[in-house]
Amino acid sequence: MLRIHFSDNRQAPIWLVDERLTIGQDGRNNLVLADAGISSFHAEIRQDHGYYYLTDCGSQAGTFVNDERISARYQIRTNDCVRLGTVELLFVDPTKSKVKTGVSARWFLQVAKGEHEGKKFHVNGSMTFGRSSKCELCFSDMELSRRHCEFFLKDDVLEVKDLASANGVLVNQQKVAMAVLQPGDQLKMGSVTLLVIGPKTAVAQAEDEDATVFMRAIDLPQPGNSKPQVSHAGARNPLRAAVPLSPGPAAVPRNQGFSRRLLGVVAVLLAGVVATLALKTLF
């Protein structure tokens, strides 16, 4: 079975499963191409006993196979390049050849669990996964469908699409019909688990409003032997000055107390002298 690949990877490849495939700008075609140089009904492909034949339907710009213009019933073979206007289509038999692309090895699928455990597959263009020998990723697990899913790489973005499988496709334990894959994602199909390995993308982190913000502390004096100098204006505590003190016994100055004691001694001496004189007078 042949498969049509787009040279510019504009969309996923198309399997030629029907007996007739029409191509053109009109929406009634099986493959609608709205590019310049494409007629409303440009060309058709018919399958006859396992062979594929391409016919131009009277288009103005013509249909070319390997740069040779064709008209009626031209047999298409593996690796033929068909050009319609500015669109180039490559016909591939996955069992016999591989699509050549300029994409570097950036995406891989590594088997984390199941058959071929530990093996790493390079994703290039489009790759089907299932039990069929025509799949690029062929596994014999009976829980898989013959064509279980398809991996498609476009503009360095990796996608997976479920091909109407019986058991489905799980991405990070969530069942999906189609999903864009990121490095580190895990896919489970049947008993097979695949790990997505790809280029890391730097994402600018948004500022967290609740995050702790560290600010510069006030400069403090360095420890030393000298005492910090305090101004007289700031030495007095304004709080103490504002609060009145409760009344209590008045403090007696030191000089005034000494004078009172001296006067007491003199008074005693004078009383003694007076008493002596009084006794002498009596006798």
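Buried means under 20% relative accessible area, exposed means over 50%, and partly exposed lies in between (1.4 Å probe, protein chains only). This is a predicted model, in which local features need pLDDT of at least 70, side-chain atom pairs count only at pLDDT 80 or more, and totals for chains, interfaces and linings use all residues. Residues are numbered from 1 along each chain as its sequence is written, and side-chain values use heavy atoms, with hydrogens and water left out.

Side chains of opposite charge can pair when their charged atoms come close. A salt bridge is a side-chain nitrogen of Lys or Arg within 4 Å of a carboxyl oxygen of Asp or Glu. Counted in this way, there are seven salt bridges. The table lists three, including their N to O distances.

| Acidic residue | Basic residue | Distance |
|---|---|---|
| Glu-136 | Arg-3 | 2.5 Å |
| Glu-44 | Arg-46 | 3.0 Å |
| Asp-67 | Arg-83 | 4.0 Å |

Glu-136 is partly exposed, at 29% relative accessible area, whereas Arg-3 is buried, at 1%. Glu-136 lies in the loop between strand E14 (126-130) and strand E15 (137-138) and Arg-3 in strand E1 (residues 3-6), so their salt bridge ties together parts 133 residues apart in sequence. Strands (E) are DSSP runs of at least two residues, numbered from the N terminus.

Asp-67 and Arg-83 also link distant parts of the chain, 16 residues apart. Asp-67 is in the loop between strand E7 (63-65) and strand E8 (68-70), and Arg-83 is in strand E10 (residues 81-84). Asp-67 is exposed, at 66% relative accessibility, and Arg-83 is partly exposed, at 26%.

Arg-20, Glu-44 and Arg-46 form one network through salt bridges that share partners. Within this network, Glu-44 is buried, at 13%, and Arg-46 is partly exposed, at 39%.

Terms used: Helices (H or I, at least four residues) and strands (E, at least two) are DSSP runs, numbered from the N terminus.
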